[in-house]
Amino acid sequence: MIKKFKNSLVIGLFASLLNTLPIKAAEKILLTYGSLKLSLPVSSLSNYAKDGTIDSELDPYLNMISTDEKAQFRSLLTNKLALDPVVTSRFLNSDIGEEILVNMGKAVMIEGGINGKYAIRAAIVQSSFQTGGFTLLGFLEKFPTNMEFSGEYLLGLYNQKSLIDQASKIIEEKFKEFFTIEAKSNKTLVDFSKIKDLRQPGKYQFSKEVWQLNDTKRNRRFYVLVYKPTSYSSVVVISHGLSSKPEDFSDIAEHLASYGYVVALPQHPGSDYKYLEDMLAGYHRNVFDLNEFINRPLDVSYVIDELERRNNSEFAGKLNLTHVGAIGHSFGGYTVLSLAGAKIDFENLAKDCGKPYTMLNIALLLECRALDLPHQDYQLQDKRIGAIIGLNPVNRSLFGAKGLADVNIPVLLVSGSHDHITPSVFEQAASFIWLGSSKKYWMMEEGGTHVDFSKLDSGISSSIEAIGAFEIPDSASIDKEFNALALAFNQVYIAGDEKYSPYLQSAHSFNILSGNSQNQIIETIVKFKKSNSITLQQ
């Protein structure tokens, strides 16, 4: 009750403060392109949204679209999005939030061509206080000065987005083509109907424990979920993504444990779900702590150290801790690549972060924060890691070709065809080529997204459905396919059981390519760039 009262008090005071600020609302919207300058009063849009009135100022614009498009536009102006104004303000004041605003401000400016980042933030927050929540019309009405849209920037953004969409389509089509070619060229013929279905659980029972660890050298406390099967020898460590938690990966952990793997899932306390909650409650300024780029790989290494300390007393000395598997999702993908020997290339990162239209690659919002680290060679490789799986990894600009060349252990990269956070065209296609490993694979999950929407709370899921931004997929079959492939990969490269190598062939049902397709992928990328006479910005 006290917490609820405090939140209400903060929101009330914040609303009162904003409403009393001497802010002059926008009177008109300008669109500039070179010497051309078009103008539209905000009041024209307000009247149209409220009662459908089309005045003489608005008529020339709406005359160019159909009746259905007019209705859609009117709906777009008034559709409500429930945003907590305090939480929204806190996020927009974070480093990532400010980077988003800077990018938006290149297109939505203050009259005179000034970046509109501060005005955008004020308009978003003030509009979110309105009854029912944020609306586009509310945003326009609350914009504190005349708004100017940069036609040049918007056109460039549109062209770049079209180019990216085209590249994404080609990658998906070529992936299927190369998959078919690999499947036909496999010399080892296997009757897959007669071998084990790895989507099914294994024969071992397992228990689950929670260990509380304290790395005194780093003054870092975190917990680890540990799955212990009744028979074991091999170990896999799983690194969760940004604003996630170890429990989110219980499905793959249980699957591996049922086949005799000890599975450890560490919490990364500077970038997990609890850290995000605390940030939104006002305890931190940013979505994640900058030092997580260093601490995350060290967390995994510390977990392996702890397993070594407990090996004799709790595991009868049976654990093979000189050849450990590692799986990482998103920010965890960066984590396991670092453990495999990839190094941050600050020069490459600065180049990518300085390009226009970076907002089209959401993963860069996370990656570019690493520029605030001291620019030095961080020794994060752990040679006890024998093979890794990067699931939707955030990585390309952080490492670049130079940083990924030193990864020489077996690697499996996994992309989702519907991943809008770390899309394959940005974060996996080039990375697959740049990896130094001679044993590398790339899986494309048909319909796969960046997160498992079934694990989101009902409020977030319903909001996504209401906005219509994404189609929420049935993740059960996708999870089973990944679990099976992850098992086969670890059986071959961690447990050393070659009987499972046929599952890594394209002839199997998994949508997977090997390094044998590298030259065709390179040729596809070169041909695409040449045919468009444009270098992709990312």
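1. Let's start with the empty space inside. The largest cavity in this predicted model has a volume of about 80 Å³. Its lining is made by Ile171, Lys174, Phe175, Phe178, Ala429, Trp442, Leu513, Ile521, Thr524 and Ile525. Two elements each give two or more residues to that lining: helix H9 (151–185) and helix H21 (518–532). The largest share, 4 residues, comes from H9.

2. What sort of residues face that space? Sorted by class, the lining of the largest cavity has 8 nonpolar, 1 polar and 1 charged residues. If you're wondering how anyone finds such holes, rolling a probe the size of a water molecule over the atoms shows where empty space is left.

3. How many cavities of 30 Å³ or more are there? The count is 2. The second largest has a volume of about 40 Å³, and around it sit Tyr334, Ser338, Ala342, Lys343, Ile344, Tyr378, Leu380 and Phe399. By class, this second lining has 6 nonpolar, 1 polar and 1 charged residues.

4. Now for the packed parts. The largest nonpolar core holds 75 residues, and the ones touching the most other members are Phe293, Leu373, Ile388, Leu398 and Trp442. Helix H12 (residues 292–315) supplies the largest share of this core, with 8 residues. Another core lies apart from it, with 37 residues, including Tyr227, Ala253, Phe489 and Tyr503. Look again at Trp442 while you're here: besides its place in the largest core, Trp442 also lines the largest cavity.

5. Phe293 is worth clicking on. Once you set aside its neighbours within four places in sequence, Phe293 is in contact with Phe288, Phe331, Tyr334, Leu366, Glu367, Arg369, Ala370, Leu373, Leu380 and Leu398. Two of those partners, Tyr334 and Leu380, also turn up in the lining of the second largest cavity.

6. Have a look at helix H6 (residues 95–107) too. H6 has 13 residues and reaches 19 Å from its first C-alpha to its last, close to the 18 Å expected at 1.5 Å a residue. Which residues of H6 are buried? They are Ile96, Gly97, Leu101, Asn103, Gly105 and Ala107.

7. Finally, zoom out to the whole chain. The protein chain has 21 helices and 14 strands. Of its 538 residues, 51% are buried. Take the contacts between residues at least 6 apart in sequence: 76% of them join residues at least 24 apart.

Technical notes
Residues numbered from 1 in each chain as written. Predicted model: local features only at pLDDT ≥ 70, side-chain atom pairs only at ≥ 80, totals over all residues. Heavy atoms only, no water. 1 Å grid on protein atoms, 1.4 Å probe; cavity = no way out; pocket = protein on both sides within 12 Å on 5 of 7 lines; lining within 4 Å. Points joined across faces, edges and corners; volume = space filled by probe spheres on them. Nonpolar A, V, L, I, M, F, W, Y, C, P; charged D, E, K, R; others polar. Core = buried A, V, L, I, M, F, W, Y, C linked by side-chain atoms within 4.5 Å. Buried < 20%, exposed > 50% of the residue type's maximum accessible area, 1.4 Å probe, protein only. Contact = heavy atoms within 4.5 Å. Expected span 1.5 Å × (residues − 1).
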